[in-house]
Amino acid sequence: MLRKPVDSVTQTQAKYEALKAEYQQFAYVVCHDLKSPLRHIDGFTKRIKKRLKDTLDEKSREDFAVVDNSVARAEALLEALLAFSRLSTTEEPLGPVDCNALVKRTLTQLFDTDGGEQLIAGPLPVIDGYRKQLATLFYHLLHNAKHYQPAGQVPAVSVAAVEIEHYWQFTLTDNGIGIAANRIGRVFDIFTRAARETDYPGLGLGLTLAKKVVQCHAGEIRIESEEGKGTTVFFTLSKYLSADRATQRSSS
């Protein structure tokens, strides 16, 4: 007797969910376990520096500084990986999220409102979603808009949204440094930078997290940019996420 197609789909979905959970657990354990040796390296380095502080020459001090910076960066990368792995395992309930309030709060947090910045937000919708995830999304996109600016330039940032069938399409535009054409295709890859780290420090995880949040809200994200002429981020979020999730649960 042939199995019904829906049975095959259900089994495939179940296998996918099991593999996803296994990966997330693996990522968490690896990141957690790697923190211990890093703490030991940091602790013993500090003890050695303290013991030899009166005999260290300038070159040795520089070498210890490299070790300290490397440990700090490794710890930051592990924290970033943990944040990424947690996004798909959120226990946060779905609910109405006021994007106007969320974006305005983030703008106030990131920008000096007395510094002359041109900040335009809204009107933005109240959507069905995960509040903490959406806060992460807007934080990283707006942080990038502020961070990747030419020296001395006053940031200009706008956020808008329009209805498109079953989705809200958001547009976030800035007047920053833009992204080179040969980098745009990779900016959503984990730990990929849109600019040189020496000029703009960071981990290269913000857009990866943003894409993950958009996917968790049944949407898509893309970027249009030109080097030296700013960047526009387009992303969609489902208008009916609760209904979508209920349908998925009933079909499984």
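A charge is taken to sit over a ring if NZ of Lys or CZ of Arg is within 6 Å of the ring centre and within 35 degrees of the ring normal. In this predicted model, the charged end of Lys 239 sits over the ring of Trp 168, and Lys 146 lies over the face of Phe 111. The distances are as follows.

| Lysine | Ring | Distance from ring centre |
|---|---|---|
| Lys 239 | Trp 168 | 5.9 Å |
| Lys 146 | Phe 111 | 5.8 Å |

**Aromatic pairs**

A pair of aromatic rings is described by the distance of the centres and the angle of the planes. The model has 3 aromatic pairs. In one of them, Phe 138 and Phe 235 meet edge-to-face, with 6.0 Å from centre to centre and 65 degrees between the planes. This pair joins distant parts of the chain, since its members are 97 residues apart. Phe 138 belongs to helix α4, residues 131-147, while Phe 235 belongs to strand β7, residues 231-238. Both residues are buried. Ring pairs also bring Phe 170 into a cluster with Phe 138 and Phe 235.

**Thr 236**

Strand β7 also holds Thr 236. Its relative accessibility is 17%, so Thr 236 counts as buried, the limit being under 20%. Leaving aside residues up to four places away in sequence, Thr 236 touches Tyr 167, Trp 168 and Gln 169, as well as Val 214, Gly 219 and Glu 220. Trp 168 is thus one of the contacts of Thr 236, and the ring of Trp 168 also lies under the charged end of Lys 239.

Key
Residues numbered from 1 in each chain as written. Predicted model: local features only at pLDDT ≥ 70, side-chain atom pairs only at ≥ 80, totals over all residues. Heavy atoms only, no water. Phe/Tyr/Trp six-rings, centres within 6.5 Å; stacked < 30°, edge-to-face > 60°. Helix = DSSP H or I, 4+ residues; strand = E, 2+ residues; numbered from the N terminus. Buried < 20%, exposed > 50% of the residue type's maximum accessible area, 1.4 Å probe, protein only. Contact = heavy atoms within 4.5 Å.
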